[in-house]
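Welcome to this short tour! Open your viewer, bring up the molecule, and we will go from the whole chain to a single residue.

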Amino acid sequence: NSSDEAAQIAAIKKSLSRPSNFEGLRLGAASLIKGGLAKVAQSDDPRVRKAILERLALYEEGYLGYLKAAPGSYRARMNYAYLLIVETALGEDHLEEARRLLEASYELSPGNPLTHVLHSVVLLYSGDIARATAKIED
């Protein structure tokens, strides 16, 4: 129902308008991703996907704001990259942005396998299976 949708969007905007704390941002985005993907899996209606993407865009803005204030936050970078990958899976291409973000994140946490895993997913979505395989084996 459109009034429920409007209320949900208003609540997201209100929570994101406060000075950001990473855990609030992360938990809100993760909850939306989990619930949104479940809804998309249960419905062929393109409006469901569009509604989820509209809400994810709000969290995308939240991560950008957070990273502007804390550009060295590895956890925020990885969560934002994951959000970009999910948006791509739902039909909005954010692969280049995710790739750039991940490539710039290796130096923040050298040896952390999460960067390699997410980067390989981006390469897979890009169709570069050979580089994705090499990246995951790094």
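To talk about charge, we count Lys and Arg as positive and Asp and Glu as negative, leaving out His and the chain ends. Keep in mind that this is a predicted model.

**Stop 1: the charges.** Select the charged side chains. The protein chain has 17 positive and 18 negative ones, and the centres of these two sets lie 6 Å apart.

**Stop 2: the helices.** Now switch to a cartoon view. How many helices does the protein chain have? You should find seven, along with zero strands. Read from the N terminus on, the order of elements is α-α-α-α-α-α-α.

**Stop 3: the overall shape.** Show the C-alpha trace and turn it around: along its principal axes, it spans about 50 × 35 × 20 Å. The radius of gyration is 16 Å, which agrees with the value near 14 Å for a compact globule of 138 residues.

**Stop 4: surface and interior.** Turn on the surface. Its accessible area comes to about 8,000 Å², and carbon and sulfur atoms account for 55% of that. Buried residues make up 38% of the 138 residues. Look at the contacts too: of those between residues at least 6 apart in sequence, 61% join residues at least 24 apart.

**Stop 5: one residue up close.** Select Thr 88, which sits in helix H4 (residues 74-89). Is Thr 88 buried or exposed? Its relative accessibility is 14%, so Thr 88 counts as buried, the cut-off being under 20%. Leaving aside neighbours within four places in sequence, Thr 88 is in contact with Asp 93, His 94 and Leu 95.

Key: Residues numbered from 1 in each chain as written. Predicted model: local features only at pLDDT ≥ 70, side-chain atom pairs only at ≥ 80, totals over all residues. Heavy atoms only, no water. Helix = DSSP H or I, 4+ residues; strand = E, 2+ residues; numbered from the N terminus. Rg over C-alpha atoms; globule rule 2.2 N^0.38 Å. Buried < 20%, exposed > 50% of the residue type's maximum accessible area, 1.4 Å probe, protein only. Contact = heavy atoms within 4.5 Å. Areas by Shrake-Rupley, 256 points an atom, 1.4 Å probe, with all protein chains shown as cover. Charge placed at Lys NZ, Arg CZ, Asp CG, Glu CD.
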